[in-house]
Amino acid sequence: MRYFLEFDTSRLPEDRSEVVICGSGIGGLTTAIVLKELGFNPVILTRGVGNTYYSQGGIAAAVHPQDSPHAHFMDTIRAGRYLSDERSTWILVEEGVLRIADLERWGVTFDRKNGEYDTTSEGGHSFNRVLKAKDFTGREIYTKLLKRVSDLEIPIIQGDLQEIVGEEKVEGLVYASGGSLRFLRTGAVVMATGGAASMFLYTSNPSKVRGDGIGIAFRAGVPVKNPEFIQFHPTVLEGTNFLISEAVRGEGAILVDSEGNRFVDEVQPRDVVARAIYAKIKEGNRVFLDMRPILSRGVDLQDRFPTIVSFLQERGIDPYRDPVPVVPAAHYYIGGLEVDTFGRTSFPGLYAVGECTCTGVHGSNRLASNSLLEGVVFGYRTAYRVYHDIRYLKVSGSRFSSRSGGSGEPPVTFEDLKKIMWDRVGLERNGEDLSKAKETIKNWIKLALGSSPTPSNRQILDILLVALLTVEGALLRKESRGVHYRSDYPYERETFRRDTLISREILDL
């Protein structure tokens with residue numbers, strides 16, 4: 001299962017780069033900027049705008065004198081149900097204060113009032129420590145980092161990663177662009193390809209973020225940690241993938257059922273709120289987010305949430321008068337590639353940052369607005385690790401070839417996978433459903449391995465692998481913890497306060 005595509009690098013157009021960053025979210029852009037500032041010449045390979053751009057709520061950091069990294073640490077540990085890696089979490093909350101200054105140095109502008117940060121709170125936070133740019137914080141960060149990349153003249157290649165090349169260490173990568181394949185020779189690759197929450201029927205993720213980068217690195221031999229933990233955002237506009245930020249509830253919006261009855265404390269951690277909504281929907285109720293209580297606090301909706309209000313009004317919903325119909329949807333992939341605190345994987349020359357990784361800071365349930373912070377903190381650290389490692393990552397002039405037979409179209413569509421993942425591996429799980437999902441997905445993978453080795457077939461194979469990893473992790477964790485809820489084990493178990501680690505050998509394909 002090492003390779004799937006049929007290619008011979010001696011027959012492909014070849015380029016060279018010191019470092020290649022695959023992905024252009026906050027983690028990838030931060031890594032590229034810091035590497036350039038350190039004197040290297042990285043290249044960014046991306047298929048387009050990712051999740052960072054669409055992030056509404058904000059970025060959490062203990063910047064206020066009355067707040068502290070320790071309080072932020074404890075909130076993160078509690079939200080993660082005591083599965084968070086403590087060393088990584090301390091790094092997140094302490095270095096996060098430094099990285100906010102770097103974001104501003106690179107041009108990011110956060111909301112201020114009377115010269116001070118105009119911070120807000122979200123579910124699970126004990127202090128108003130979420131910095132924001134109205135309700136388009138991700139867009140503000142993304143556009144300013146992208147401008148910094150442009151100012152530093154860091155090349156950006158539009159293309160799809162296909163394969164990590166090299167048997168014992170990274171020697172390069174193959175990517176598809178403009179209908180053809182190219183070989184990019186390098187000794188260092190940084191995966192920043194995003195998460196895999198889009199493999200569920202209802203999701204807040206854009207269609208281009210599919211999680212196949214995790215599958216590519218997994219096939220190269222990198223283990224995946226805690227893939228069973230997928231965070232479902234409680235409030236996505238019914239019938240769309242448009243997320244209504246956690247900050248709306250932080251400002252005072254309430255959740256009500258079809259009868260107008262409030263049924264949950266809205267500022268609890270996301271897993272609690274999402275399951276409460278899901279329970280109402282299973283009863284046949286619809287659920288609504290009522291934003292009108294925010295007005296009684298003297299907050300103007302249009303000024304505070306311009307993106308959300310405009311989107312709703314374009315669809316005939318007036319949040320000044322009408323409650324907004326919402327559903328939970330798969331939002332954030334907490335598990336991912338196993339990395340150390342400097343972004344290194346177990347495959348020499350291969351690094352990873354952002355949502356495709358599992359640094360351990362989120363435990364079993366991500367604290368709101370910690371994801372952007374994770375991207376910039378660990379992207380920064382990864383750049384410094386590459387700085388020290390690159391002198392040892394000598395690139396050979398070897399040629400690589402791989403042959404894979406097979407014919408026909410993919411045995412399954414992405415939509416087929418999304419449905420089975422939602423039905424059997426969603427907010428509530430049980431052993432029987434998980435076992436049936438595992439059997440089906442394994443059969444699809446075996447068929448995919450025999451299909452024609454085209455880029456589209458390779459992508460569905462890698463997505464199926466990530467789905468199988470998710471199911472396998474959910475079967476192994478016989479307890480309910482954080483976002484992982486099993487109706488046949490509806491309680492936390494002390495003996496399961498440990499990580500799930502899955503390698504290629506465990507899948508037995």
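## Ile441 and the nonpolar cores

Leaving aside neighbours within four places in sequence, Ile441 is in contact with Leu417, Met421, Leu464, Ala467, Leu468 and Val471. The model is a predicted one, and in it Ile441 belongs to the largest nonpolar core, a set of 62 residues in which Ile164, Met199, Leu417, Met421 and Ile441 touch the most other members. Helix α15 (residues 455-476) supplies the largest share of this core, with 12 residues.

A second core, separate from that one, has 42 residues, among them Ala32, Leu35, Ala61 and Phe110. As a general background, nonpolar side chains in soluble globular proteins tend to be buried together.

## Aromatic pairs and charges over rings

There are 10 aromatic pairs in the structure. One of them joins Phe73 and Trp90, and it counts as stacked because the ring centres are 4.1 Å apart and the planes stand at 10°. This pair links distant parts of the chain, since Phe73 belongs to helix α3 (residues 69-79) and Trp90 to helix α4 (residues 86-105), with the two positions 17 residues apart in the numbering. Phe73 counts as buried at 6% relative accessibility, whereas Trp90, with a relative accessible area of 29%, is partly exposed.

How are the rings of Tyr202 and Trp422 arranged, and how far apart are their centres? The centres lie 4.7 Å apart and the planes are at 80°, so this pair is edge-to-face. Tyr202 is found in the loop between β13 (189-191) and α6 (212-219), while Trp422 is in helix α13 (residues 414-424), so the pair ties together parts that are 220 residues apart in sequence. Tyr202 is partly exposed at 43% relative accessibility, and Trp422 is buried, with a relative accessible area of 14%. Tyr202 and Trp422 also belong to a cluster, linked through ring pairs, that includes Phe200 and Phe232.

Charged side chains also lie over rings: the charged end of Arg315 sits over the ring of Phe311, 3.5 Å from its centre, and Arg498 lies over the face of Phe496, at 4.6 Å from the ring centre.

## The parallel sheet and helix α12

An open sheet of 5 strands runs in the order β9-β4-β3-β13-β20, with parallel pairing. Its edge strands, each of which pairs on one side only, are β9 (156-158) and β20 (350-352), and the twist from one strand to the next averages 25°. Between β13 and β20 the parallel pairing extends over 3 bridges, and Val190 stands opposite Tyr351 in β20.

Helix α12 (residues 371-389) packs on this sheet, where it touches β3 (19-22), β13 and β20, and its direction makes about 165° with that of β20.

## Helix α3 and its cover

Which residues of α3 are buried? They are His72, Phe73, Asp75, Thr76, Ile77 and Ala79. The elements that cover the buried residues of α3 include β5 (59-60), α4 and α12. Helix α12 therefore appears both in the cover of α3 and against the parallel sheet. After α3 comes Arg81, which has a positive phi, near 55°.

## The antiparallel sheet

A further open sheet has 4 strands in the order β15-β18-β17-β16, and here the pairing is antiparallel. The edge strands are β15 (230-237) and β16 (254-257), each pairing on one side only, and the twist averages 50° from one strand to the next. β15 and strand β18 (residues 324-333) pair in the antiparallel sense over 6 bridges, and the bridge partner of Gln231 in β18 is Tyr332.

## Strand β12 and its partners

Strand β12 (residues 180-185) is joined by 3 bridges to strand β2 (residues 14-16), and the two run parallel. Within this pairing, Asp15 has Leu184 in β12 as its bridge partner.

Strand β12 also pairs with strand β11 (residues 172-177), in this case in the antiparallel sense and over 6 bridges; here the bridge partner of Gly172 in β12 is Arg185. β11 and β12 form a hairpin with 2 residues between them, and in the turn Gly178 has a positive phi of about 60°.

Methods: Residues are numbered from 1 along each chain as its sequence is written. This is a predicted model: local features need pLDDT of at least 70, side-chain atom pairs count only at pLDDT 80 or more; totals for chains, interfaces and linings use all residues. Side-chain values use heavy atoms; hydrogens and water are left out. A nonpolar core is a set of buried Ala, Val, Leu, Ile, Met, Phe, Trp, Tyr and Cys residues joined through side-chain atoms within 4.5 Å. Buried means under 20% relative accessible area, exposed over 50%, partly exposed in between (1.4 Å probe, protein chains only). Contact means heavy atoms within 4.5 Å. Rings of Phe, Tyr and Trp (its six-membered ring) pair if their centres lie within 6.5 Å; planes under 30 degrees apart count as stacked, over 60 as edge-to-face and the rest as tilted. A charge sits over a ring if NZ of Lys or CZ of Arg is within 6 Å of the ring centre and within 35 degrees of the ring normal. Two strands pair if DSSP finds at least two bridges between them. Axes are lines fitted to C-alpha atoms, for helices over the stretch in contact, and angles run from 0 to 180 degrees between N-to-C directions.
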